[in-house]
Amino acid sequence: MACPFRRAIAAQVSRVLDLPPEKLINSITAVAVSKKRSSEDFQLFVDSVVENGKRLSIHDLQAQTQRLLEQLKCDAVVNEISSGPGKIKFKINREVLAKTIVQQVSKDGSEYGFKSELLSSLPRGKIVVEFSSPNVAKRFHVGHLRSTIIGNFISNLMKALGHDVTRINYLGDWGMQFGLLGAGFQQFGCEEKLKANPLQHLFERLGVHFDEFSGESFYQDKAQDILKLLENRGLLRKTEKGTGVVDLPEKRVGSSYATVVRSDGTSLYITRDLAAAVDRMDKYCCERMIYVTDKSQENHFQQLFQILRLMGYKWTDGCCHVPFGLVQGMKTRRGDVLFLEDVLDEARTRMLQNMTSSETTKELEDPYDTAEKVGLAALIIQDFKGPLLSDYRFDWDRALQSRGDTGVFLQYTHARLHSLEEMCNSGRSDDFNAACLQDPQAISILQHLLRYDEVLCKSCEDLQPKYIVNYLLALSHLAGVAHKTLPVKGSTIDVAQARLQLFKTVRSVLASGMKLLGIKPVIKM
Ligand code: ARG
């Protein structure tokens with residue numbers, strides 16, 4: 001079900017402004033929860049709905065705001081309507097707010113937020129996400145790890161949005177590197193496992209899967225077809241050196257042309273990428289193709305897309321590159337050399353040590369497994385907190401702190417909420433007294449939950465995980481406060497049941513958000 005609150009507000013405003021409610025929905029935004037608790041839940045910026053986007057003078061804006069305010073009426077859902085500078089503010093009936101959110105989350109489960117009209121109106125289709133893509137004969141470095149977790153996140157997000165997602169790992173198995181494969185064997189960990197199923201066991205550990213593994217070498221023949229096509233269309237220019245180039249219409253950084261064939265007739269990285277793109281489109285007929293690599297390849301992908309466009313492929317508009325920055329200082333205790341396996345081992349070992357020394361650690365059936373999941377959460381959150389494009393310095397101690405904005409904190413909050421549910425039976429979500437959820441700490445949580453769809457929407461728009469990360473961290477902080485101030489034990493049955501419902505709701509949203517990011521929530525730690 002869609003958010004009934006935005007709808008109720010849109011219906012009201014639509015009557016006054018004589019605009020269809022659908023046009024108003026996106027302009028009604030949930031108020032962010034802050035220290036200075038506000039009683040309003042939603043706001044509408046007046047200039048976004050009157051005068052068709054024309055800018056109003058301050059005087060006119062105030063007049064319009066006042067006029068709107070006077071004409072709007074409260075109803076069973078909207079309890080209070082007030083104004084602020086250039087905006088109208090709405091407060092939802094408190095019991096309706098609590099009942100609706102708790103029930104909606106219970107009903108929608110991991111689809112909570114995705115069913116909102118903000119997202120359900122977006123077109124659905126086929127999407128190919130290419131990520132990870134290590135070079136098989138070289139080491140799997142931190143950049144590939146970053147590509148793997150980012151691509152996994154983007155794939156999860158697109159899937160949750162309802163797209164048909166194909167995850168491709170495009171292995172660099174070409175040329176020199178390929179010849180050196182033997183030398184690379186021991187770098188992938190267990191030789192037996194590599195032989196049996198190259199790389200796969202590492203992705204298992206990460207909890208990432210792929211629908212297709214393809215290699216650059218697969219495209220060496222197809223690259224020759226691309227060269228013929230380029231020639232036939234008059235796009236291939238021979239240089240004095242005997243190489244073949246394509247002149248580019250937009251000169252960005254670097255060159256005004258791209259070399260696509262060596263003087264000995266062999267293809268280059270970009271030629272094989274051209275062949276791979278055309279091949280994938282033939283195979284999957286997708287609306288979007290997303291490539292995830294570090295930012296040093298930005299130029300490469302801009303050139304790739306330019307050539308595809310020159311070749312007349314309209315679908316190039318659906319291609320995009322998601323670049324990310326460098327990670328510095330990711331060292332293990334054993335030294336600087338970093339393979340994926342070392343990083344995972346290091347996260348697990350350090351986490352295990354922290355857990356052993358902590359007094360709050362529970363008896364665990366499989367401490368290794370828990371340490372691995374928590375350690376991975378720490379890695380992912382540290383990586384996803386800022387804009388993907390920025391470089392950052394990796395710091396194990398900071399990433400693994402149990403308080404503060406870390407993946408460990410998210411896991412800890414999840415485990416704590418889970419054990420609360422285990423200890424007390426929360427009853428049914430459609431049968432609790434919403435009047436018992438009126439404490440400011442409870443209201444803050446409900447208000448925060450109202451904003452989840454907007455946060456998902458932002459992440460879907462620009463494919464950045466930071467909005468979801470910061471949202472979940474804030475949710476966990478609010479849950480921490482509520483856990484202290486709104487005890488379940490020792491409260492009357494009604495109050496206890498209502499609080500349990502609230503905590504259950506928080507845990508559900510926290511778990512779904514964590515899973516989107518590629519984290520497996522633990523239930524004990
Ligand atoms: N194997 C390449 C590298 O490690 C990355 C491949 C990226 N994908 C692509 N279609 N070019 O640098």
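These are numbered notes on the sheets, helix packing and ligand surroundings of a predicted model.

1. The parallel sheet. Five strands make up an open sheet, and their pairing is parallel. The order is β7-β6-β5-β11-β12. At the edges stand β7 (212-215) and β12 (319-324), each of which pairs on one side only. Neighbouring strands are turned against each other by 25° on average, direction ignored.

2. The β6-β7 pairing. Strand β6 covers residues 164-171. Its parallel pairing with β7 runs over 4 bridges. One bridge can be checked by residue: Leu 171 is partnered by Gly 215 in β7.

3. A helix over the parallel sheet. Helix α12 (residues 269-284) lies across three strands: β5 (126-130), β6 and β11 (288-294). Against β5, helix α12 runs at about 145°.

4. The ligand shell. Which residues surround the ligand? They are Glu 130, Ser 133, Pro 134, Asn 135, Tyr 170, Gly 172, Asp 273, Tyr 291 and Thr 293. By class, the shell has 3 nonpolar, 4 polar and 2 charged residues. Several of these positions can be placed on the elements above. Glu 130 belongs to the shell, and β5 spans 126-130. Tyr 170 is also in the shell, and β6 spans residues 164-171. Tyr 291 and Thr 293 are listed too, with β11 spanning 288-294. Asp 273 is a further shell residue, and α12 spans residues 269-284.

5. The antiparallel sheet. A separate point concerns β8, β9 and β10. These 3 strands form an open sheet in the order β8-β9-β10, with antiparallel pairing. The edge strands β8 (237-238) and β10 (257-261) have a single partner strand each, so one side of each is left without a neighbour in the sheet. Strand β9 (residues 244-247) runs antiparallel to β10 and is joined to β10 by 4 bridges. In that pairing, Gly 244 has Val 261 of β10 as its bridge partner.

6. The β3-β4 hairpin. Strands β3 (residues 78-84) and β4 (residues 87-92) pair in the antiparallel sense over 6 bridges. Ser 82 is bridged to Lys 89 in β4. The hairpin has 2 residues between its strands. Which residue of the hairpin takes a positive phi? Gly 86 does, near 70°.

7. Helix α4 against α21. Helix α4 (residues 94-108) packs on α21 at an angle of about 45°, with the axes 9 Å apart. Angles from 35 to 65 degrees count as oblique, so α4 is oblique to α21. The crossing is left-handed. From α4, the contact uses Ile 101, Val 102 and Val 105. From α21, Gln 501, Leu 502, Thr 505, Ser 508 and Val 509 take part. The contact residues divide into 5 nonpolar, 3 polar and no charged.

8. Helix α17 against α21. Helix α17 (residues 407-423) also packs on α21 (residues 493-517). The angle is about 140° and the axes are 10 Å apart. That makes α17 oblique to α21. Here again the crossing is left-handed. On the α17 side are Leu 410, Thr 413, His 414, Leu 417, His 418, Leu 420 and Glu 421. They meet Phe 503, Lys 504, Val 506, Arg 507, Leu 510, Ala 511 and Met 514 in α21. This contact divides into 8 nonpolar, 3 polar and 3 charged residues.

Key:
Residues are numbered from 1 along each chain as its sequence is written. This is a predicted model: local features need pLDDT of at least 70, side-chain atom pairs count only at pLDDT 80 or more; totals for chains, interfaces and linings use all residues. Axes are lines fitted to C-alpha atoms, for helices over the stretch in contact, and angles run from 0 to 180 degrees between N-to-C directions. Angles under 35 degrees count as roughly parallel, over 145 as roughly antiparallel, 65 to 115 as roughly perpendicular and the rest as oblique. A crossing is left-handed if the near helix is turned anticlockwise from the far one by less than a right angle, and right-handed if clockwise. Two residues are in contact if their C-beta atoms, placed from the backbone, lie within 7 Å. Ala, Val, Leu, Ile, Met, Phe, Trp, Tyr, Cys and Pro count as nonpolar, Asp, Glu, Lys and Arg as charged, and the others, Gly among them, as polar. A residue is near a molecule or strand if its C-beta atom, placed from the backbone, lies within 6 Å of it. Two strands pair if DSSP finds at least two bridges between them.
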